[in-house]
Amino acid sequence: MIISILTTDGGGGIALTLGIVGALITGPLAVWLWIKVCLAPAAVVFEGRGPIAALRRSSQLVRGDWWRIFGITLLAALMAGVAGYVIQIPFSVLGIFPGMIGTASMDEDPSAAAVMVAMSGYLVATMLGQLVSQIISTTFPQLVTGLLYVDRRMRTEDLGPALAEAAGVPQQHMPPQGVPPYGGMHR
């Protein structure tokens, strides 16, 4: 659709300008909402909340720490994208070799079946690379989001003792407020 708008003589520039302005206006709002509700899937899984309650819970946990969560989430998404791309490269390179071997025996005018056989190795290798890449690209950011959820709960709701109790770790005696641990000795 964009290509047809740009290639027509009438109104292509106006439509493109409106599209860019619209993206600049709605983009920051979309990013703000994305970070505001990014912890909702973790709230559903860990707390068993419904959709609306999970969205409210995510908004509550993100409050006061939006920029930190934005930075970590963006970094995780970039790392997953780069890792996915790096994983696809060897599969694509390996997929070229069967096609090169198959094309050595082709005539000047190969049949469609000969072309399909020659390309099948490349297609299979590329699809396998994309599968592995997608597994990493979709799971890593979600794992980071789960860790952010636990981190926010530990920072705002003192979740640490409850997690230690659930893990069966015995409670250690904590020194009174104002007294440093280990009797005040510094190393």
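In this predicted model, V82 sits in helix α5, which spans residues 66-103. With a relative accessibility of 54%, V82 counts as exposed, because the cut-off for that class is over 50%. V82 also belongs to a nonpolar patch on the surface, where it is joined by Y85, V86, I89, V93, L94 and F97. Together these residues make up about 690 Å².

Turning from the surface to the interior, the largest nonpolar core holds 16 residues. Those touching the most other members are I35, L39, V62, W66, I69, L148 and Y149. Two or more residues come from each of α3 (40-47), α4 (51-62), α5 and α6 (112-157). Helix α5 is the top contributor, giving four residues to this core. In soluble globular proteins, nonpolar side chains tend to be buried together.

A closer look at I35 helps to picture this core. Once neighbours within four places in sequence are set aside, I35 is in contact with V62, W66, I69, F70 and T73. Of these partners, V62, W66 and I69 are, like I35 itself, among the core residues that touch the most other members.

What, then, of a charged residue such as R152, found in helix α6? R152 has a relative accessibility of 7% and therefore counts as buried, the limit being under 20%. Its side chain is joined to that of D65 by a polar contact of 3.1 Å. Beyond residues up to four places away in sequence, R152 touches L39, L61, R63, D65, R68, I69 and E157. This list includes L39 and I69, both named above for the core, as well as D65, the partner in the polar contact.

Key
Residues are numbered from 1 along each chain as its sequence is written. This is a predicted model: local features need pLDDT of at least 70, side-chain atom pairs count only at pLDDT 80 or more; totals for chains, interfaces and linings use all residues. Side-chain values use heavy atoms; hydrogens and water are left out. Patches are made of residues with over 30% relative accessible area and no salt bridge: like charges are joined within 9 Å, nonpolar side chains (Val, Leu, Ile, Met, Phe, Trp, Tyr) within 5 Å. Accessible areas come from the Shrake-Rupley method with a 1.4 Å probe; for residues, only the protein chains shown count as cover. A salt bridge is a side-chain nitrogen of Lys or Arg within 4 Å of a carboxyl oxygen of Asp or Glu. Buried means under 20% relative accessible area, exposed over 50%, partly exposed in between (1.4 Å probe, protein chains only). A nonpolar core is a set of buried Ala, Val, Leu, Ile, Met, Phe, Trp, Tyr and Cys residues joined through side-chain atoms within 4.5 Å. Contact means heavy atoms within 4.5 Å. A polar contact is a pair of N or O atoms within 3.5 Å; within protein, one must be able to donate a hydrogen and the other to accept it, and residues adjacent in sequence count only if both atoms are side-chain atoms.
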